[in-house]
Amino acid sequence: MAGDKYSVLLPTYNERENLPIIVWLLVRYFTESGYDYEIIVIDDGSPDGTLEVAKQLEKIYGKDRIVLRPREKKLGLGTAYIHGIKHAKGNFVIIMDADLSHHPKFIPEFIKKQKEGNYDVVSGTRYIGNGGVYGWDFKRKLISRTANYITQILLQPGASDLTGSFRLYRKDVLEKLVKACVSKGYVFQMEMIVRARQFGFSIGEVPISFVDRVYGESKLGGSEIFMFLKGLLYLFATT
Amino acid sequence: MIPKLFQWLIVLSVFISVWVAIVFDYVAVEFSKSNKQTIVLFPFYLLVVFACYSLAVIGYRVATFNDCKEASEELKKQILEAKEDLKSRGFKFD
Ligand SMILES: Nc1nc2c(ncn2[C@@H]2O[C@H](COP(=O)(O)OP(=O)(O)OP(=O)(O)O)[C@@H](O)[C@H]2O)c(=O)[nH]1
Ligand SMILES: [Mg+2]
């Protein structure tokens with residue numbers, strides 16, 4: 001449909017090195033594919049000066065393409081999305097990480113998929129087709145596959161990648177989901193897609209390659225597995 | 001729809017009731033000794049089969065998890081390209 005506009009939400013915390021690259025790639029792929037877009041950067045007072053970088057980018061690409069919606073301090077991903085949606089002018093919203101794990105080249109594929117099936121949500125997936133990962137060792141692959149298998153058996157969510165966070169939503173659908181979801185961290189992503197199915201929204205999938213962050217610190221720790229199990233049980237009992 | 005937990009509990013309790021009914025002779029159906037034995041052990045067979053199936057599926061999926069080497073190489077090239085282009089537009093890297 002003509003008149004569709006896509007708002008990309010980029011939450012950032014200490015992504016000074018990644019932000020210019022991800023924005024450049026977004027601009028490139030949106031320009032090539034010709035869809036209307038805006039990039040909303042939600043920086044949570046990063047001490048590394050991410051906001052300064054964002055301001056430079058705003059100057060280069062213009063205020064209608066790069067929209068800065070910073071917050072004073074680190075308030076978490078979930079509320080960053082809520083904050084971003086409030087300012088989104090598009091009728092579709094794309095959520096992705098700013099750390100270059102999610103490549104903007106897949107966005108035109110997401111959009112095509114959405115139009116094909118008139119989906120409410122299109123989710124990137126590492127687990128089917130040509131999807132995959134880069135920079136993961138055997139242990140991480142094993143944990144990831146096992147966690148995914150258990151979740152598929154218990155929740156039958158109708159989507160293959162639950163903890164991924166590269167997705168396209170209809171704006172009103174995203175608003176409804178964000179309000180309904182209470183989890184934190186990447187369990188939040190899981191809750192979003194499981195509740196989407198619970199509410200009867202349709203979900204399309206596009207295989208993506210996930211490349212581990214090149215710059216900056218990873219936050220994967222032992223407590224992640226504990227959080228996952230807790231989140232899984234919560235969703236098992238409530239959806 | 002009721003939550004998945006309760007769906008599982010319902011199916012599980014139906015299964016267990018049927019099993020208990022047969023094993024402890026609450027139903028008036030005669031089974032031969034060997035059939036009875038099979039029924040008694042049925043839940044354990046099921047568990048073993050499910051465990052083997054799960055291990056096989058997970059093993060297969062770990063082994064066939066795509067390594068996207070090209071994706072990483074493409075990205076590395078594009079990072080250089082992006083830096084060049086951004087510099088030419090007046091972006092200051094430090
Ligand atoms: N605005 C905001 N952004 C955040 C916050 N925490 C994380 N982010 C951003 O959210 C995205 C995902 O966070 P990551 O740190 O990459 O989390 P992850 O992908 O689970 O873990 P790694 O990539 O392994 O570090 C990145 O773009 C971060 O910069 C936050 O509190 N506020
Ligand atoms: Mg990341």
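What percentage of the 94 residues of chain B count as buried? I looked this up and found 22%, with buried meaning under 20% relative accessible area, exposed over 50% and partly exposed in between (1.4 Å probe, protein chains only).

A note on ground rules: I am reading a predicted model, where local features need pLDDT of at least 70, side-chain atom pairs count only at pLDDT 80 or more, and totals for chains, interfaces and linings use all residues. Residues are numbered from 1 along each chain as its sequence is written, chains are lettered from A and ligands numbered from 1 in written order, and side-chain values use heavy atoms, without hydrogens and water.

Chain B, overall. I found three helices and zero strands (DSSP runs: H or I of at least four residues, E of at least two, numbered from the N terminus). The radius of gyration of chain B is 29 Å, well over the 12 Å that the globule rule gives for 94 residues, so chain B is more spread out than a compact globule. I noted that this radius is taken over C-alpha atoms, and that the rule is 2.2 Å times the number of residues to the power 0.38. The C-alpha trace of chain B spans about 85 × 30 × 20 Å along its principal axes.

Backbone, next. Most residues other than glycine have a negative phi. I looked up D25(B), where phi is near 55 degrees, a positive value. D25(B) sits in the loop between α1 (4-23) and α2 (33-63) of chain B and is exposed, at 54% relative accessibility. In chain A, I checked L100(A), whose phi is near 75 degrees, also positive. L100(A) belongs to the loop between β4 (92-95) and α4 (107-117) and is buried, with a relative accessible area of 3%.
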